Amino acid sequence: MLIYLFLFSLLVYSFFTFIRSPSEKIIIEVPKGDSATVVADVLHRNRIIRSRFLFLKLLKLTGNAKKIKSGYYEFETNTPVLKVIKKLVKGESYKIRITIPEGYNSVQAAMLLVHKGIADKKKFLSIVQREKLEGFLFPETYFFEPGTSEEEIISAMKREFERRITPEMLSRAKELKLSLHQLITLASMIEKEATKDDRPLVSAVFHNRLKKNMYLESCASVLYALGKHKEKLTYKDLKVKSPYNTYTNYGLPPGPISNPGIDSINAALYPQDTDALFFVVDKTSGTHIFSRYYKHHLDAQKTKPRGR
């Protein structure tokens with residue numbers, strides 16, 4: 001009888017023992033192997049719980065004393081103790097949400113991770129460059145715990161890429177006589193050049209140019225070679241000495257210029273059936289005008305000044 005009375009008292013205390021004051025969010029770390037007593041100290045020190053005694057007693061009575069999971073957790077100060085226990089036992093750890101947009105290159109991805117406070121730019125790029133992973137860091141939404149290493153972040157992005165590339169895709173690439181590296185390189189250019197709706201057409205232009213051994217003339221590849229963004233390229237820019245300059249080098253560049261999404265990869269695999277060899281941005285609609293003949297392309301350029 002006494003034990004039930006004690007438990008009832010603890011439960012009443014857990015919900016009604018304090019008048020709530022304005023709360024603040026606090027992130028704490030529970031290292032692997034920490035005892036319940038150490039966790040109680042951390043929670044109490046950060047004003048997440050008011051009573052170490054109550055926390056430890058409830059852990060014991062609910063059979064959860066050894067079920068606390070390690071990780072980072074976000075709590076509000078003065079959180080009801082049973083809610084704290086539930087979160088720790090379920091392992092509902094705090095994670096940082098980060099979305100890598102389609103078409104971001106590794107530098108842009110690194111800067112985004114730095115902005116979120118979960119990566120060191122130099123370390124991240126060092127791994128990407130060493131393992132030649134530009135193009136293979138799949139653009140997606142990820143959730144990382146604070147303290148996640150650059151290696152773990154990159155591994156998660158690589159795993160997502162590998163999950164998205166199906167055997168059917170690899171078979172189709174083989175039909176087109178493209179290696180996986182060449183496929184992603186082509187897709188990365190489509191990602192940077194095309195709009196949402198004309199990826200297969202932009203892909204067709206690149207495929208057609210490759211077949212005819214023409215320069216691909218991708219402004220996006222020149223921007224990658226320059227290492228900076230410019231609204232308008234000059235003739236001097238188009239002559240920059242770089243293997244990524246597709247105005248002066250035949251064929252695909254030596255590697256991807258961005259991390260393409262699945263739609264651009266599919267567009268690279270399945271170009272639209274067209275004889276188009278040129279495209280220019282329609283300044284009004286933001287889409288492209290496609291031409292088979294250079295004369296028509298020049299006419300389009302005269303009325304639509306941005307293009308290639």
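**Close-up views of a predicted model**

**View 1. Helix α4 around V89.** V89 is buried, with a relative accessible area of 17%, a value that falls in the buried class because that class covers residues under 20%. The structure shown here and in the other views is a predicted model. V89 belongs to helix α4, which spans residues 81-90. Once neighbours within four places in sequence are set aside, the residues in contact with V89 are N64, K67 and K69. S70 lies 19 residues from V89 in sequence, and the C-alpha atoms of this pair are 9.3 Å apart in space.

**View 2. The pairing of strands β3 and β4.** Strand β3, residues 96-99, pairs with β4 in the antiparallel sense, and four bridges join them. Within this pairing, I98 has Y142 of β4 as its bridge partner, and T99 has T141 of β4. In a regular strand the side chains alternate between the two faces of the sheet. Along β3, I96 and I98 point to one face and are buried, whereas R97 and T99 point to the other face and are not buried. Strand β4, residues 141-144, also alternates, with Y142 and F144 buried on one face and T141 and F143 pointing to the other, where they are not buried.

**View 3. The largest nonpolar core and a second one.** In soluble globular proteins, nonpolar side chains tend to be buried together. The largest nonpolar core in this model has 49 residues, and those with the most contacts inside it are I98, L113, F124, Y142, I153, F206 and I265. Helix α9, residues 180-193, supplies the largest share of this core, with six residues. For F206, leaving aside neighbours within four places in sequence, the contacts are L186, M189, I190, E193, L216, S218 and F279. A second core, separate from the largest one, has 22 residues, including I26, V39, V81 and V84.

**View 4. The crossing of helices α9 and α12.** The axes of α9 and α12, the latter formed by residues 262-269, come within 8 Å and cross at roughly 115 degrees, and this crossing is right-handed. On the α9 side the contact is made by L183, I184, L186, A187, I190 and E191, and on the α12 side by S264, I265, A267, A268 and L269. Sorted by type, the residues of this contact comprise nine nonpolar, one polar and one charged. I265 is also one of the residues with the most contacts inside the largest nonpolar core.

**View 5. R209 in helix α10 and the loop that holds E217.** R209 lies in helix α10 and is buried, its relative accessible area being 5%. Apart from neighbours within four places in sequence, R209 is in contact with M214, Y215, L216, E217, L277 and F278. E217, one of these contacts, sits in the loop between α10 (199-211) and α11 (219-226). The phi angle of E217 is near 50 degrees, a positive value in a residue other than glycine, and E217 counts as partly exposed at 23% relative accessibility.

**View 6. K132 in the loop before strand β4.** K132 is found in the loop between α6 (121-131) and β4. Its phi is near 55 degrees, which is again a positive value in a residue other than glycine. K132 is exposed, with a relative accessible area of 69%, and it is placed in that class because exposed residues are those over 50%.

Note on methods: Residues are numbered from 1 along each chain as its sequence is written. This is a predicted model: local features need pLDDT of at least 70, side-chain atom pairs count only at pLDDT 80 or more; totals for chains, interfaces and linings use all residues. Side-chain values use heavy atoms; hydrogens and water are left out. Buried means under 20% relative accessible area, exposed over 50%, partly exposed in between (1.4 Å probe, protein chains only). Helices (H or I, at least four residues) and strands (E, at least two) are DSSP runs, numbered from the N terminus. Two strands pair if DSSP finds at least two bridges between them. A nonpolar core is a set of buried Ala, Val, Leu, Ile, Met, Phe, Trp, Tyr and Cys residues joined through side-chain atoms within 4.5 Å. Contact means heavy atoms within 4.5 Å. Axes are lines fitted to C-alpha atoms, for helices over the stretch in contact, and angles run from 0 to 180 degrees between N-to-C directions. A crossing is left-handed if the near helix is turned anticlockwise from the far one by less than a right angle, and right-handed if clockwise. Ala, Val, Leu, Ile, Met, Phe, Trp, Tyr, Cys and Pro count as nonpolar, Asp, Glu, Lys and Arg as charged, and the others, Gly among them, as polar.
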